[in-house]
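Please look over the model below. A short report on selected features follows it.

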Amino acid sequence: MIKTSISLQELRRRIYQKAKSEPTHRFWGLFTHITNMTTLYEAYQHAKKNGGAPGIDGQSFADVEQSGVRAFLEDIRAELQAGTYQPQANRKVEIPKANGKMRTLQIPCIRDRVVQGALKLILEAIFEADFCPNSYGFRPKRSPHQALANVRRSILRRMTTVIDVDLSRYFDTIRHNLLLEKIAKRVQDPQVMRLVKQVIKVAGKIGVPQGGPFSPLAANIYLNEVDWAFDAIRRKTAEGSYEAVNYHRFADDMIVTVSGHSSKRGWDKLALRRLREYLEPLGVELNLEKTRMVNVLKGESFSFLGFDFRRVQNRSRTGYFILMTPKKKARQAIKARIREIIQNGGAKPAKDVVKQVNAILTGWVNYFRVGNSSRAFGEIRDYTEMKIRTLLSRRKRRRKRSIGWRRWSNEYLYGVLGLYWDWKVHPLKSVDGFR
């Protein structure tokens with residue numbers, strides 16, 4: 001067993017501080033840190049925690065554990081140091097989208113996930129110092145909930161015209177030469193740059209593959225200048241402590257908010273034009289069919305990170321608040337996963353099936369409990385109960401006249417089978433609560 005040393009955390013901290021204090025410094029000697037066994041082991045642990053299916057070589061984490069983690073990592077290290085490392089092709093998986101189209105995920109083999117993870121651990125420490133505060137996706141100490149809180153605050157601060165931005169195939173359009181140029185501004189290490197090039201070229205001549213550990217970092221690096229350009233607009237147009245324009249990005253999900261005041265009429269169109277001007281040199285295009293202008297003062301809604309946002313009047317009709325509810329697509333997706341687990345349950349004991357259902361419900365509920373989710377939670381809870389009762393009835397081979405309310409009580413589902421029961425809603429923290 002290789003113990004994770006505090007020295008890796010200390011190394012990342014020192015790299016970050018150096019990058020923060022010297023914005024133009026170019027780092028060298030990084031390849032040694034990437035190939036350090038401590039870094040490789042940490043990358044392996046991250047990959048194992050995230051799980052995922054085997055790559056094109058069919059090797060699973062169980063296979064690695066059986067043959068020995070140390071030997072596995074030493075082989076990777078030897079290849080990297082000898083310059084003989086070559087990433088394998090990614091295994092492509094088609095994921096259906098809500099619009100009937102397919103999204104292609106590219107799954108690297110575990111060996112390549114470890115290399116990408118080690119590369120990310122070192123380079124992330126540099127570029128975190130450069131990233132703009134209005135970017136939240138796949139960054140340390142940042143979360144989707146923080147992004148949601150900032151969007152809500154922008155609307156509450158009277159930026160009531162919202163540009164709901166949709167990018168066309170963002171990850172697939174990242175140009176390798178531009179990405180490498182952006183990384184080279186901070187990295188003066190030929191071995192590291194060669195490794196980055198190997199990682200991104202696996203998917204083809206353009207784009208970075210969705211599914212690899214390095215891709216989210218690469219995507220953030222690619223759009224960082226756009227983030228800062230909109231932050232400059234925010235600061236330039238602010239009046240005191242109130243902004244007239246704000247911008248929030250989580251990976252390829254963007255929201256631009258603009259003041260609804262009459263003196264700012266036309267600023268929404270100007271902001272959209274600026275966004276297109278910033279994206280055009282990068283080869284990134286807006287999906288004009290899905291990019292929308294929304295006026296929340298008129299009761300119009302928009303979506304961000306799985307939630308629908310809408311401005312509604314409070315019960316006493318003395319004011320308004322921002323209603324955040326789980327999107328229909330999110331509710332349909334969790335139902336589909338529950339249905340799939342139950343259909344594939346086979347001869348598993350009911351408690352084991354319920355345990356699998358509980359695992360996915362836990363993550364889904366913990367994410368959506370920060371919104372106005374009581375009605376959605378009731379819908380999913382009722383659906384889950386119905387599917388579990390249907391399963392129990394089918395296994396008893398009784399004629400199915402109902403979904404088994406009398407045969408299978410709540411006491412049995414929750415007390416005996418241990419079905420998930422933590423549907424409490426916790427209000428989303430304010431922006432200051434994330435600091």
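The report covers a sheet, a kinked helix, a few single residues and the aromatic pairs.

## Basis

This is a predicted model. Local features are described where pLDDT is at least 70.

## The three-stranded sheet

Three strands make up an open sheet, in the order 7-8-9. The pairing is antiparallel. Strand 7 (302-304) and strand 9 (320-326) are the edge strands, and each pairs on one side only. On average, neighbouring strands of this sheet are turned by 35 degrees against each other, direction ignored. As a general point, strands of a sheet pair through backbone hydrogen bonds, either parallel or antiparallel.

Strand 8 spans residues 307-313, and 3 bridges join it to strand 7. Serine 303 has aspartate 308 in strand 8 as its bridge partner. On the other side of the order, 7 bridges join strand 8 to strand 9. These two strands also run antiparallel. Here arginine 310 stands opposite leucine 323 in strand 9.

## Two positive phi angles

Which sign does phi usually have? Most residues other than glycine have a negative phi. Leucine 305 is not a glycine, yet its phi is positive, about 55 degrees. Leucine 305 sits in the loop between strand 7 and strand 8. Its relative accessible area is 13%, so it is buried, the cut-off being under 20%.

Arginine 317 also has a positive phi of about 55 degrees, although it is not a glycine. Arginine 317 belongs to the loop between strand 8 and strand 9. The hairpin of these strands has 6 residues between them. Is arginine 317 buried or exposed? At 62% relative accessibility, arginine 317 counts as exposed, because the cut-off for that class is over 50%.

## Helix 10

Helix 10 covers residues 215-237, which makes 23 residues. From its first C-alpha to its last, helix 10 reaches 33 Å. That is close to the 33 Å expected at 1.5 Å a residue. Where is the kink in helix 10 centred? The kink is centred on leucine 223 and is about 45 degrees.

Helix 10 is mostly covered. Of its 23 residues, 17 are buried.

## Glutamine 116 and alanine 203

Glutamine 116 lies in helix 6 (residues 110-127). Its relative accessible area is 6%, so glutamine 116 is buried. What does glutamine 116 contact, leaving aside neighbours within four places in sequence? The contacts are Pro108, Val199, Gly212, Pro213, Phe214 and Ser215. Ser215 is also where helix 10 (residues 215-237) begins.

Alanine 203 is in the loop between helix 9 (190-201) and helix 10. Alanine 203 is partly exposed, with a relative accessible area of 25%. Not counting residues up to four places away in sequence, alanine 203 touches Gln106 and Pro209. Alanine 203 and alanine 89 are 114 residues apart in sequence. In space, their C-alpha atoms are 7.7 Å apart.

## Aromatic pairs

How many aromatic pairs does a search of the whole structure find? The search finds 17. One of them joins tyrosine 170 and phenylalanine 171, whose ring centres are 5.4 Å apart. Their planes stand at 65 degrees, so the pair is edge-to-face. Tyrosine 170 is buried, with a relative accessible area of 1%. Phenylalanine 171 counts as buried too, at 7% relative accessibility.

Phenylalanine 230 and tyrosine 278 form another edge-to-face pair, with 5.8 Å centre to centre and 85 degrees between the planes. This pair links distant parts of the chain. Phenylalanine 230 is in helix 10, tyrosine 278 is in helix 11 (residues 267-279), and the two are 48 residues apart. Phenylalanine 230 is buried, with a relative accessible area of 1%. Tyrosine 278, by contrast, is partly exposed at 28%.

## An aromatic cluster

Ring pairs also build a cluster. Its members are Phe307, Trp364, Tyr367, Phe368, Phe377, Tyr420 and Trp423. Phe307 ties the cluster to the sheet described above, as strand 8 holds residues 307-313.

Terms used. Residues are numbered from 1 along each chain as its sequence is written. This is a predicted model: local features need pLDDT of at least 70, side-chain atom pairs count only at pLDDT 80 or more; totals for chains, interfaces and linings use all residues. Side-chain values use heavy atoms; hydrogens and water are left out. Two strands pair if DSSP finds at least two bridges between them. Helices (H or I, at least four residues) and strands (E, at least two) are DSSP runs, numbered from the N terminus. Axes are lines fitted to C-alpha atoms, for helices over the stretch in contact, and angles run from 0 to 180 degrees between N-to-C directions. The expected span of a helix is 1.5 Å times one less than its number of residues. The bend at a residue is the angle between axes fitted to the seven residues ending there and the seven starting there. Buried means under 20% relative accessible area, exposed over 50%, partly exposed in between (1.4 Å probe, protein chains only). Contact means heavy atoms within 4.5 Å. Rings of Phe, Tyr and Trp (its six-membered ring) pair if their centres lie within 6.5 Å; planes under 30 degrees apart count as stacked, over 60 as edge-to-face and the rest as tilted.
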